[in-house]
Amino acid sequence: MKQFILTTLNGLTLGALYFLVASGFTLVFGLMRNVNLAHGALYLLGAYVGWTVADKVEYWLLGVAAGFAATAVLGLGLQLLIFRRMEGQDLRQTMVTIGISIVLADLMLWFWGGETYQFTPPEVIDGSLLLPFTPNWRYPSYRIALLVAAAAIGVGLWLFLNRTKVGMMIRAGVDDRAMLAASGVNVQRVFAITFMVGAGLAGFAGVVGGTALSIAPGEDVRYLLASLIVVIVGGLGSITGAAVGALIIGLAEQYGLAYSPTYGAVYTFLILVAALALRPQGLMGRRA
Amino acid sequence: MVRSIWGVRSVRGAFLAATMLAGLSIAAPAQAADSIKVGGLATLEGAFTVLGQDGLRGLELALKEANYTAGGKKIELVKGSSDATPDSAIRAARKLVEQDKVDILVGPLSGDEGVAMRDFAKTHPNVTFINGSSAAQDTTLRNPAPNFYRFNTDGVQWAAGLGDYSAKTKGYKRVVTVAEDYGFPYSQVMGFMLEFCKAGGKVADKFWVPIGNKDFSSIIAKIPDNINAIYVALGGADATNFLTQYEQSGGDKPMIAGSITVDQTVLGAKGKRRSYLIGTPSAGPIADTWDDAKWKQFVADYKKAFPDGLPSPSLFAHAYYLAGKAMVAGLNEVKGDLGDGEKKFQAALAKLTMDTPTGKVSLDKNRQAVADIFLTEVVEGPNNTLMNKVVKVIPQVNQTMGMDEAEFLKLGPASRDNPECR
C-alpha cells in the first residue's frame with residue numbers, strides 16, 4: 001500500500017515535470033505548426049544557465065528566473081532571426097531545429113563539460129515532509145513543490161490562453177491563421193510572443209527538473225523524446241492534452257519502474273503505439 | 001572543461017583523418033611497417049561520458065610516458081567512441097579494426113561491452129585486444145577469447161574484503177542492493193555477496209535499474225525499513241542522482257558502495273549533499289589516498305599531464321593506463337614485431353608481470369589479471385574534499401576469489417537472481 005501510494009505520487013510529480021516541458025512544446029506547435037526539435041536543447045540550456053546563476057548568487061529562485069529568461073530571449077531571437085524567414089515551410093523549419101539542437105548540445109558540452117551538476121534548492125523545500133493521514137510516511141518536499149508549481153503553471157497558462165487578449169489571438173491563430181491575419185492582428189508579434197513563452201517554459205522546466213534529478217549532457221534528448229511522446233498521446237497543440245499525456249506517461253514510467261523494472265521503458269511505447277493506432281490525433285487533439 | 005569538446009572533436013577529426021589514411025595506406029603499404037596503429041575505445045557519449053574521457057586520459061598518459069614509441073616503432077592512437085551499449089562498442093570496434101586497420105585495440109570501458117568485445121575478438125584472431133576497464137567477470141572466465149587480454153581485475157575481484165568488512169566490522173546483518181541492470185554490477189553484487197553471505201549476512205532484496213535511469217524515487221519507495229544498510233553499485237551520474245533522491249526522501253540507512261559508486265567522479269560531483277557519504281565502505285582496484293610512493297607518483301603524473309582532468313585519476317584512467325603500459329611493455333619485448341598474426345606479441349603479453357602504481361599485476365591462464373584490491377572507507381580530506389582512505393590491502397586477488405576453480409564455476413554466472421541469500 002505504502003509503495004503504491006508513493007509510486008503514484010512519484011508518477012504524478014514526474015508527470016508534472018513532463019507537463020512543464022511539453023506545455024511549451026505543444027503551445028508552439030499548436031500555433032505555428034513548427035515542430036521545434038530544439039526544445040530539448042532549450043531545456044538543458046535553461047538548466048545550465050540557471051545552475052550557473054544560482055551557483056554565483058546562491059539564490060535558487062534567481063536561478064529559476066535566469067533559466068526562464070535566458071531561453072525566452074534565445075527563443076525570441078530564433079523566431080525573429082531564423083524561423084520567420086522560412087514561414088510555412090514545415091519541413092525546412094523542422095530540419096533547422098534539429099541543426100540548432102545539435103549545435104547547442106555541442107556548445108553546452110564545450111562550455112559546461114560532461115559532469116553532472118546538481119542544484120541546492122532552498123531549505124524550505126529541501127528535505128522531506130510527513131504525508132498527512134499516514135503512519136509516518138515521508139515524501140521529498142521538493143517533489144510536492146514541483147507538483148504545486150506545475151499545477152500553478154497549468155492554471156496560469158489556461159488563464160493566459162482563455163482570459164487575455166494575446167491568449168485569444170493565439171487560440172484564434174491555432175484555429176485559422178489566415179483569418180487572424182486578415183482581421184488586422186499582427187500575426188508575427190503573436191508568433192514571437194508564443195515562441196518566447198514556449199522556449200522560456202523549456203528553460204524554466206530545465207532548472208526545476210534539474211533540481212529534482214540532475215543535469216548532464218544527454219538530458220536534452222531525453223526530455224525532447226518525453227515531450228514528443230507526451231504531446232503525441234495528449235494531442236498536438238492542446239495544453240489540456242499535454243497535461244493528460246504527461247500524467248499518463250509519468251505514471252506509466254513510475255509504475256513500470258516499481259513493479260517490473262526490466263520492462264519499464266516498454267510501457268511508454270506501448271501507450272504511444274496504442275494512441276497512434278486508436279486515436280492518432282491524440283486524446284485531446286482535434287483532427288487537422 | 002575545454003578538453004571535453006576537443007576530446008569529442010578530435011575523435012571525429014580522427015575518424016576523418018583515419019579514413020583518409022586508410023585510403024592512403026592501400027597505395028603505400030610500406031608506411032604501416034614503421035608505425036603501430038592502436039585503437040583507443042571508450043564511452044565518449046551517454047551516461048558514462050566523464051568516465052570515458054578519464055579512461056582515455058589513462059591510455060594517453062601511458063603512451064606519453066613511452067613517448068609514443070614502443071619496440072622501436074611509432075605508436076599512432078586512433079580514438080573511438082561508444083555509449084556503453086554492446087552494439088555501439090562493436091560498431092566502434094568494427095570501424096577501428098576493419099576501416100582504420102588498427103593492430104591493437106584498447107577498450108572497452110563498460111561491462112556488457114566487454115562481453116561483446118570478447119566475442120568480436122574471436123572473429124579477428126590476428127588483432128590483439130587489450131581490455132580498457134570493462135569488468136564483467138564472464139568476459140574472461142567463461143569462453144574467453146585467445147586474443148583478449150585483461151590487465152585490470154574484474155567486478156567480482158574488486159569486491160574482495162568488502163562483504164567481510166561490512167558484516168564483521170560494520171556489523172551490518174541485513175541489506176538490500178541497488179545496482180544497474182547489466183553485467184558489471186551483477187559481478188559486483190556477486191563479489192560482495194560471496195563474502196557477506198558467508199559471514200552470516202542476509203540480502204533481503206535486490207533492485208536492478210536500467211542504465212541512465214534518472215528517477216530512482218520508485219525504487220527508493222520499495223526499500224524496506226528493517227535493514228541495516230544499502231549496497232549501492234551505480235556509476236557516474238546515476239549514483240549522484242540516487243544519493244540525492246534517497247536523502248530527499250528522508251532515507252538515512254548507511255551505504256556500502258560498489259567500486260565505481262564513490263569513485264572520484266562521484267566524490268568530485270558538484271553540490272553540497274556529501275556528508276552522508278562519509279563512513280561508506282567500498283572496495284576496488286585503486287584507492288585515491290594510498291600512501292605509497294609509486295601511487296603518488298602516478299597521481300602526480302596524471303595531474304601534470306591533465307591539469308583540467310579529475311582531482312585524482314579514476315579507476316577508469318587507472319585501468320586504461322595499465323592496458324597502455326602492458327601494451328608498451330609487450331611491444332618492447334618483441335621489438336615491435338607484429339608479424340605472424342601478432343603471435344609473438346600475444347605470447348609476450350601472456351607472460352608479462354608488471355610492477356604498477358597499485359602493485360604487482362600478472363595474468364592467469366585465461367589472460368585475466370591477478371592483482372591487489374583496496375578496501376577503503378570515505379573520509380573527509382583537506383580543503384573540504386572527500387576521499388577514499390585505505391583500510392586494508394588484499395594482496396593478489398585472483399578471479400575465483402581464492403576458491404577452487406571448479407567449485408567457483410559451479411556457483412554459476414552472476415545474474416539478477418544469482419547468488420541469493422535472503
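This is a guided tour of a predicted model, moving from the chain A and chain B interface to the interior of chain B.

**The interface of chain A and chain B**

Begin by selecting both chains and displaying the residues where they meet: 38 residues of chain A are in contact with 33 residues of chain B. The size of an interface is often given as the accessible area lost when the parts come together. Here chain A and chain B bury about 3100 Å² between them, with 50% of that area on carbon and sulfur atoms. To see where chain A contributes to this, highlight Trp110(A), Gln118(A) and Leu257(A), which lose the most area to chain B and together make up 19% of what the chain A side buries.

Next, show the side chains of Arg143(A) and Asp215(B), which meet in a salt bridge with an N to O distance of 2.7 Å; the interface of chain A and chain B has 1 salt bridge by the rule applied. Across that interface there are also 8 residue pairs in polar contact, counted where both residues have pLDDT 80 or more.

Now colour chain A by its secondary structure elements. Those that give two or more residues to the side touching chain B are α1 (2-32), α4 (90-112), β2 (138-140), α5 (141-163), α8 (187-212), α9 (219-234) and α10 (239-259) of chain A. Of these, α1(A) provides the largest share of that side, with 6 residues. By class, the residues on the chain A side divide into 16 nonpolar, 14 polar and 8 charged.

**Annotated segments of chain A**

Stay on chain A and select residues 12-30, 37-54, 60-83, 95-113, 142-161, 190-217, 223-249 and 256-278, which an unreviewed UniProt entry annotates as "transmembrane region". Two of these ranges can be inspected individually. Over residues 190-217 of chain A, the chain is 82% helix and 0% strand, and the end C-alpha atoms lie 33 Å apart. Over residues 256-278 of chain A, the chain is 83% helix and 0% strand, with the end C-alpha atoms 22 Å apart.

**The two domains of chain B**

Hide chain A and colour chain B by its domain assignment, which gives domain 1 as 2-153 + 293-370 and domain 2 as 157-290 + 372-410. Between them, 37 residues of domain 1 of chain B are in contact with 32 residues of domain 2 of chain B, and the area buried between these domains is about 2900 Å², of which carbon and sulfur atoms give 60%.

Zoom in on Glu405(B) and Lys365(B), whose side chains meet in a salt bridge at 3.2 Å, N to O; the count between domain 1 and domain 2 of chain B is 1 salt bridge. The same pair of domains has 12 residue pairs in polar contact, again with both residues at pLDDT 80 or more. On the side of domain 1 of chain B that touches domain 2, at least two residues each come from α2 (49-65), α4 (111-122), α5 (138-141), α12 (293-305), α13 (315-333), β13 (359-363) and β14 (369-380) of chain B. The largest share of this side, 3 residues, comes from α13(B), and by class the side has 16 nonpolar, 14 polar and 7 charged residues.

**Local details in chain B**

Select α2 of chain B and show Asp54(B) and Arg57(B), whose side chains meet in a salt bridge at 2.6 Å, N to O. These two residues are separated by about one helical turn, because they are 3 residues apart in helix α2 of chain B. Over all chains, the structure holds 20 salt bridges.

Then move to Asn67(B), in the loop between α2 and β2 (69-70) of chain B, where phi is near 60°, a positive value in a residue other than glycine.

Finally, which peptide bonds of chain B should be checked for a cis geometry? One runs from Gly107(B) to Pro108(B), with omega near 0°, and Pro108(B) lies in the loop between β4 (104-106) and α4 of chain B. Another joins Asn418(B) and Pro419(B), with omega about -5°, and Pro419(B) is found in the segment after α15 (405-410) of chain B.

Definitions and conventions:
Residues are numbered from 1 along each chain as its sequence is written. Chains are lettered from A and ligands numbered from 1 in the order in which they are written. This is a predicted model: local features need pLDDT of at least 70, side-chain atom pairs count only at pLDDT 80 or more; totals for chains, interfaces and linings use all residues. Side-chain values use heavy atoms; hydrogens and water are left out. Domain bounds come from an automatic or database domain assignment. Contact means heavy atoms within 4.5 Å. Buried area is the accessible area (1.4 Å probe) that two parts lose on being put together, summed over both. A salt bridge is a side-chain nitrogen of Lys or Arg within 4 Å of a carboxyl oxygen of Asp or Glu. A polar contact is a pair of N or O atoms within 3.5 Å; within protein, one must be able to donate a hydrogen and the other to accept it, and residues adjacent in sequence count only if both atoms are side-chain atoms. Helices (H or I, at least four residues) and strands (E, at least two) are DSSP runs, numbered from the N terminus. Ala, Val, Leu, Ile, Met, Phe, Trp, Tyr, Cys and Pro count as nonpolar, Asp, Glu, Lys and Arg as charged, and the others, Gly among them, as polar. UniProt positions are given in the numbering used here, feature names are shortened, and annotations may be inferred rather than shown by experiment.
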